[in-house]
Amino acid sequence: MTEPLLRIEGLRKSFGALVATDDVSLTVRPGEIHALIGPNGAGKSTLIKQIAGGLPPDAGRIFFDGQDITGLGTVARARAGLGRTFQISSLAMEYTVLQNAMLGALGRAGSVWRFFRPVMQDTGLREAAMSALERVGLEEHAAQRTADLSHGQRRQLEVAVALTLQPRAFLMDEPMAGLGADGSQRLTGFLDGLRHEAPILLVEHDMDAVFALADRISVLVYGRIIATGTAAEIRANADVREAYLGAEEAG
Ligand SMILES: Nc1ncnc2c1ncn2[C@@H]1O[C@H](COP(=O)(O)OP(=O)(O)OP(=O)(O)O)[C@@H](O)[C@H]1O
């Protein structure tokens, strides 16, 4: 079996008495989309933050391409090739779409924005940003102010910012949130192809997208993974139906 690119072992995180991540282990293999689903408050975002480096775990280890990255910060992880999209937009609304694609990528790679003008004239970065915008279908909006984009276009721009750094794996926190049926179908098609370039750990509430895309699905309930399997296995899993749907109805 192919070695996983990302491997999480025994991750734990508590907030006071609340165990938000309870001994979580999972892998993301080359070429796959591994979806992480679970009811609101299950701990999905908390887990993504620990993998991205923004939140230190209490215990457990994270390996990326065989290297233990548990002690690295967000910038070092982004530089190592871990790309990320956010649940809440991290875009600078007054900047143009192209400026966001360039500066957002640089910010994640830890570069300082002090030399705004030289950065904007960096042709290599500009080309990488334009090519990322083309891939998500935003090239015609490059010169537009980000504040004037629709909600769906801003989500596409988030993906373009992550793409500009040409990551080797993606962490995506609800990329479909707030997209209409068209937008989420388009993004689904895009992610479908993207997995071959860089595998994706995908947190998503849009179950149509999850079941259409995921090679494997892990179900998180109260901070614990209760099942991991293919879409068919997860659909048929009685524990998942009971715990997930029960908690969702109660929530
Ligand atoms: N910084 C924090 N301090 C205290 N509690 C927190 C903190 N961050 C998250 N929590 C709690 O940890 C639990 C998991 O939250 P988290 O946001 O990870 O869930 P989620 O599965 O991403 O939910 P959603 O689907 O609604 O985004 C929740 O009970 C939440 O209130």
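# A tour of the two domains

Start by selecting helix H5 (residues 123-136) and helix H6 (residues 151-164): the axes of H5 and H6 come within 8 Å and cross at roughly 140°. That angle makes H5 oblique to H6, because angles under 35 degrees count as roughly parallel, over 145 as roughly antiparallel, 65 to 115 as roughly perpendicular and the rest as oblique. Axes here are lines fitted to C-alpha atoms, for helices over the stretch in contact, and angles run from 0 to 180 degrees between N-to-C directions. Helices (H or I, at least four residues) and strands (E, at least two) are DSSP runs, numbered from the N terminus.

Before going on, note that this is a predicted model, in which local features need pLDDT of at least 70, side-chain atom pairs count only at pLDDT 80 or more, and totals for chains, interfaces and linings use all residues. Residues are numbered from 1 along each chain as its sequence is written.

Stay with the helix pair and show side chains. On H5, pick Ala128, Ala129, Ala132, Leu133, Arg135 and Val136; on H6, pick Gln156, Val159, Ala160, Leu163 and Thr164; these residues make the contact. Two residues are in contact if their C-beta atoms, placed from the backbone, lie within 7 Å. The contact of H5 with H6 divides into eight nonpolar residues, two polar and one charged. For this count, Ala, Val, Leu, Ile, Met, Phe, Trp, Tyr, Cys and Pro are nonpolar, Asp, Glu, Lys and Arg are charged, and the others, Gly among them, are polar.

Keep H6 selected and add strand S6 (82-85) and strand S7 (169-173). H6 lies across S6 and S7, running at about 165° to S6.

Next, show the whole sheet that holds these strands. Six strands form an open sheet in the order S6-S7-S8-S3-S9-S10, with mixed pairing. Two strands pair if DSSP finds at least two bridges between them. S6 and strand S10 (224-229) are the edge strands, each pairing on one side only. From one strand to the next, the twist averages 15°. Within the sheet, select strand S3 (residues 33-37) and strand S8 (residues 200-203), which run parallel and are joined by four bridges. Label Ala35 and then Leu202, its bridge partner in S8.

Now move to the other open sheet, whose four strands have the order S2-S1-S4-S5 and pair antiparallel. Its edge strands are strand S2 (18-28) and strand S5 (67-68). Select strand S1 (residues 6-15), which seven bridges join to S2; the bridge partner of Ile8 is Leu26. Two residues lie between the strands in this hairpin, where Gly16 takes a positive phi near 60°. Add strand S4 (residues 59-64), which pairs with S1 over five bridges. Phe64 of S4 is the bridge partner of Leu6, and Phe64 also stands opposite Gln67 in S5.

Finally, color by domain: domain 1 is 1-81 + 167-251 and domain 2 is 91-166, with bounds from an automatic or database domain assignment. The C-alpha centres of the two domains lie 25 Å apart. Eleven residues of domain 1 are in contact with eleven residues of domain 2. On the domain 1 side, select helix H2 (74-80) and helix H7 (181-194), each supplying at least two residues. H2 gives the most, with three residues. This side of domain 1 divides into seven nonpolar residues, three polar and one charged.
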